[in-house]
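Let's take a walk through this structure, one stop at a time. Keep the 3D view open and follow along.

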Amino acid sequence: MTELELKYGCNPNQKPARIFMEQGDLPLTVLNGRPGYINFMDALNSWQLVKALKKATGLPAAASFKHVSPAGAALGLPLSDVERQIYLAPEGDLSPIACAYVRARGADRLCSFGDWAALSDVCDGDAARVLAEEVSDGVIAPGYTDEALAILRTKRKGGYNVIQIDPDYTPAPVERRNIFGITFEQGYNDLAITEDMLTNIVTENKELSPQAKNDMMLALITLKYTQSNSVCYVKNGQTIGVGAGQQSRIHCTRLAGDKADIWWLRQHPKVLGLQFVDGIRRPNRDNAIDLYISEEHDDVLAEGVWQTIFKVKPEVLTQEEKKAWIAQLSGVTVGSDAFFPFGDNVERAHKSGVDYIVQPGGSIRDDLVIETANKYNMVMAFTGIRLFHH
């Protein structure tokens with residue numbers, strides 16, 4: 001098949017719409033549902049991300065995409081008991097690819113609501129069962145077991161979008177797009193992210209563990225498929241905060257850092273101890289936790305409201321308690337798709353437990369940025385490579 005007609009484009013008024021190949025057949029097959037224009041944009045960008053992660057690390061990888069940027073990306077590492085609780089993971093052992101998606105989705109559950117999922121490996125029954133429990137638009141993977149396909153075909157009253165892509169497909173070396181009737185052309189960004197990019201360590205502290213290297217590569221690959229400007233916080237093989245599409249880099253750093261703080265606060269004993277009413281829906285639970293952690297906690301703790309959410313009225317998580325808990329976060333990596341122009345980005349990153357930084361370098365104030373990183377004994381690597389994506 002060389003083309004596929006779509007219901008409409010980005011918006012219902014944008015017709016006609018299709019995806020097509022100028023030469024050869026489409027490298028994908030729709031196994032279920034009817035994906036739309038934005039669905040395919042998410043699917044193809046997210047597939048590139050997880051394919052690159054698998055190639056760079058050798059581990060299964062998954063991504064959770066919303067509006068052409070990742071809400072989360074992760075490697076298929078085992079889940080801790082706390083992670084199982086905060087990510088609402090099913091009981092029992094899970095396959096590595098299922099763990100990868102649980103972690104990618106769990107990184108920022110609010111932003112992942114209604115996501116597009118991407119899996120680097122064949123979707124098995126475990127991964128399909130996880131997807132079946134979440135509000136999601138669709139999934140792309142190189143293959144599906146019969147069990148997985150049967151499960152996914154029951155989702156959304158049979159309309160869940162399932163795409164299979166040829167894992168060996170390689171795009172043309174030149175890509176084109178039209179804006180306002182004018183054609184843009186550039187070379188496809190086939191830059192491979194490898195450990196070789198991490199050798200130029202510019203700080204006094206040069207101790208880079210294997211885990212930190214993996215987290216740096218995860219950050220860089222995520223940034224490569226994130227709408228710029230973008231900054232990404234990573235810990236233990238998963239993103240914990242992505243700030244994308246901001247005009248100011250410090251705003252990216254703050255946005256992503258705030259998300260990393262929320263990820264960590266979800267592990268506070270008071271949050272883990274919340275007693276929810278029976279039968280509460282997963283999105284309602286996610287929203288309640290987000291509000292409970294925030295300064296708007298009265299929205300879920302007010303009389304007449306908390307009884308609809310909790311079995312027992314929770315104590316307020318105070319500002320002092322939150323500050324003390326966040327101060328315990330460490331071992332975080334932050335990546336940036338372009339250089340940090342000022343030391344303020346490093347200062348903000350430090351507040352969210354960042355010990356490792358990876359960025360292109362090249363600012364006229366690099367010396368100030370390095371000095372700020374040295375103040376906190378951070379390890380910072382300059383890659384010399386920008387990763388803008390639009």
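**From a loop to the core and back**

We start at S330, which sits in the loop that runs between α11 (319-326) and β13 (332-336). Keep in mind as you look around that this is a predicted model. Is S330 buried, exposed or something in between? Its relative accessibility is 40%, so S330 counts as partly exposed. Leaving out residues up to four places away in sequence, S330 touches K235, G353 and D355. P96 is a different story: S330 and P96 are 234 residues apart along the chain, and their C-alpha atoms are separated by 25 Å.

Another loop to look at is the one between α10 (298-301) and α11, where you'll find E315. With a relative accessible area of 58%, which is over the 50% cut-off, E315 is exposed. Not counting residues up to four places away in sequence, E315 touches K270 and Y292. Y292 is 23 residues from E315 in sequence, and the two are 9.7 Å apart in space, C-alpha to C-alpha.

Now for α11 itself. How do α7 and α11 pack? Their axes are 10 Å apart and meet at an angle of about 100°. Angles of 65 to 115 degrees count as roughly perpendicular, so that is how α7 and α11 are described relative to each other. On the α7 side, D261, W264 and L265 make the contact, and on the α11 side it is K322, W325 and I326.

Stay with D261, as this residue also forms a salt bridge with R348, the closest N and O atoms being 3.2 Å apart. D261 belongs to helix α7 and R348 to helix α12 (residues 344-350), so the pair ties together parts that are 87 residues apart in sequence. Both D261 and R348 are buried. Helix α12 also carries E347, which forms a salt bridge with K375, with 2.7 Å between the closest N and O atoms. K375 is in helix α13 (residues 366-375), and this pair links parts of the chain 28 residues apart. Here K375 counts as exposed because its relative accessibility is 53%, while E347, at 26%, is partly exposed.

Those are among the 22 salt bridges found in the whole structure. Another one joins R103 and E83, whose closest N and O atoms are 3.8 Å apart. R103 lies in helix α3 and E83 in helix α2 (residues 81-86), so this bridge ties together parts 20 residues apart in sequence. At 2% relative accessibility R103 counts as buried, and so does E83 at 12%. There's a network too: salt bridges link R105, R109, D115, E134, R282 and D286.

R266, in the loop between α7 (249-265) and α8 (269-272), goes without. R266 is buried yet has no salt bridge, and D108, the nearest side chain of opposite charge, is 6.0 Å away. Leaving aside neighbours within four places in sequence, the contacts of R266 include I86, Y87, D108, R109 and I293.

Last stop, the nonpolar interior. The largest core has 68 residues, of which L119, C123, V139, L152 and Y233 touch the most other members. Helix α3 (residues 96-106) gives this core its largest share, 7 residues. L152 is in contact with N32, C123, A128, L131, V139, Y144, Y160 and V162, leaving aside neighbours within four places in sequence. A second, separate core of 44 residues includes L26, A118, I193 and Y225.

Conventions:
Residues numbered from 1 in each chain as written. Predicted model: local features only at pLDDT ≥ 70, side-chain atom pairs only at ≥ 80, totals over all residues. Heavy atoms only, no water. Helix = DSSP H or I, 4+ residues; strand = E, 2+ residues; numbered from the N terminus. Buried < 20%, exposed > 50% of the residue type's maximum accessible area, 1.4 Å probe, protein only. Lys, Arg positive; Asp, Glu negative; His and termini not counted. Salt bridge = Lys/Arg side-chain N within 4 Å of Asp/Glu carboxyl O. Contact = heavy atoms within 4.5 Å. Core = buried A, V, L, I, M, F, W, Y, C linked by side-chain atoms within 4.5 Å. Axes fitted to C-alpha atoms, helices over the stretch in contact; angles between N-to-C directions. Parallel < 35°, antiparallel > 145°, perpendicular 65-115°, else oblique.
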